[in-house]
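Reader: I'd like to go through this model with you, and I'll keep asking how you know. Can we start once it's on screen?

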Amino acid sequence: MIANIISLTRDRDTEADARRSSEGKGHVTIDDVAVVFGAGADAHTAVESTTLDVQPGEFLCILGPSGCGKSTLLNSVAGFVQPTAGAVKVDGKAVTQPGPDRGMVFQQYSLMPWKTVRDNVAFGPLLAGHTRSEAQSIAYTFLNMVGLSRFAKHYPSELSGGMQQRVGIARALANYPSVLLMDEPFGALDAQTRLMMQENLL
């Protein structure tokens, strides 16, 4: 279980992180959080009594073996999973559902197959109230960052796995979130692209 076996690494020396820190955005508090799936004899504890305080601008890695609860903890911060006990807050507000202040890059690509690459990335800005032209401009900005602007009108099924993951990264960034959650985001990328994305994100 994650409370017993995770290890953490921290860093906060990037310019972007320093800017977010000065703005006071992205403070994550995880207070004695536990997540239990099922009930009775079928109950499975995925996360047990975990407490973390992540300051604005801080870069935190959660390390541990497969099945220890890392993804479940991230999903709790993202708002996809509600803790069985304890509380998760971002900038002092309780997390009860997903929100644009938290961007999530999943292990799997999780793209909408009926939408083009551009429209997948523009979806968040549209929901946030941007006009279609503004949302598409934002989408192109981040598709260019991940090296996929020329594939903007393609569909996810026309891309390789690594390319789809890069679209997922662009989509997570398109809302300019104060907290970026990444669940093994570079696993499907080749070494050269992985290095490029690490430089862009960090």
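Reader: What makes you say that α3 is covered or open?

Author: Quick housekeeping before that: this is a predicted model, where local features need pLDDT of at least 70, side-chain atom pairs count only at pLDDT 80 or more, and totals for chains, interfaces and linings use all residues. Residues are numbered from 1 along each chain as its sequence is written, and side-chain values use heavy atoms, with hydrogens and water left out. Now α3: helices (H or I, at least four residues) and strands (E, at least two) are DSSP runs, numbered from the N terminus. Buried means under 20% relative accessible area, exposed over 50%, and partly exposed in between, with a 1.4 Å probe and protein chains only. Eight of the nine residues in α3 (70-78) are buried, so that helix is mostly covered. Among them are Lys70, Leu73, Asn75 and Val77.

Reader: What comes right after α3?

Author: Glycine 79, with a positive phi near 100°. α4 is also followed by a glycine with positive phi: Gly129, at about 105°.

Reader: How do you know that α4 is mostly covered?

Author: Same cut-off: eight of its 11 residues are buried. They include Val117, Arg118, Val121 and Pro125. The buried residues of α4 pack against α5 and α6, where contact means heavy atoms within 4.5 Å.

Reader: What makes a group of residues a nonpolar core?

Author: It has to be a set of buried Ala, Val, Leu, Ile, Met, Phe, Trp, Tyr and Cys residues joined through side-chain atoms within 4.5 Å. The largest one here has 25 residues, and Val121, Leu143, Leu148, Val167 and Ile169 have the most contacts inside it. α4 (117-127), α5 (132-145) and α6 (161-173) each supply at least two residues, and α6 gives the most, with six. Apart from it lies another core, of 19 residues, among them Val28, Val35, Val90 and Val179.

Reader: Which residues does Leu143 touch?

Author: Leaving out residues up to four places away in sequence, Leu143 touches Val117, Arg118, Val121, Leu148, Ser149, Ala152 and Ala170.

Reader: Why is something called a pocket and not a cavity?

Author: On a 1 Å grid over the protein atoms alone, a cavity is a set of points where a 1.4 Å probe fits but cannot get out, while a pocket is an open set with protein on both sides within 12 Å along at least five of seven lines; lining residues have an atom within 4 Å of a point. The second largest pocket holds about 470 Å³, and that volume is the space filled by probe spheres set on the points, which are joined across faces, edges and corners. Its lining has 18 residues, with Phe80, Gly99, Arg102, Arg171 and Asn175 nearest the centre. The largest share of that lining, four residues, comes from α4.

Reader: Why is Asp91 called partly exposed?

Author: Its relative accessible area is 30%, so it falls between the two cut-offs. Asp91 sits in the loop between β5 (85-90) and β6 (93-94), and has a positive phi of about 55° although it is not a glycine.

Reader: And Tyr176: buried or exposed?

Author: Exposed, because its relative accessibility is 56% and the cut-off is over 50%. Tyr176 lies in the loop between α6 and β8 (179-182), and its phi is also positive, near 50°, in a residue other than glycine.
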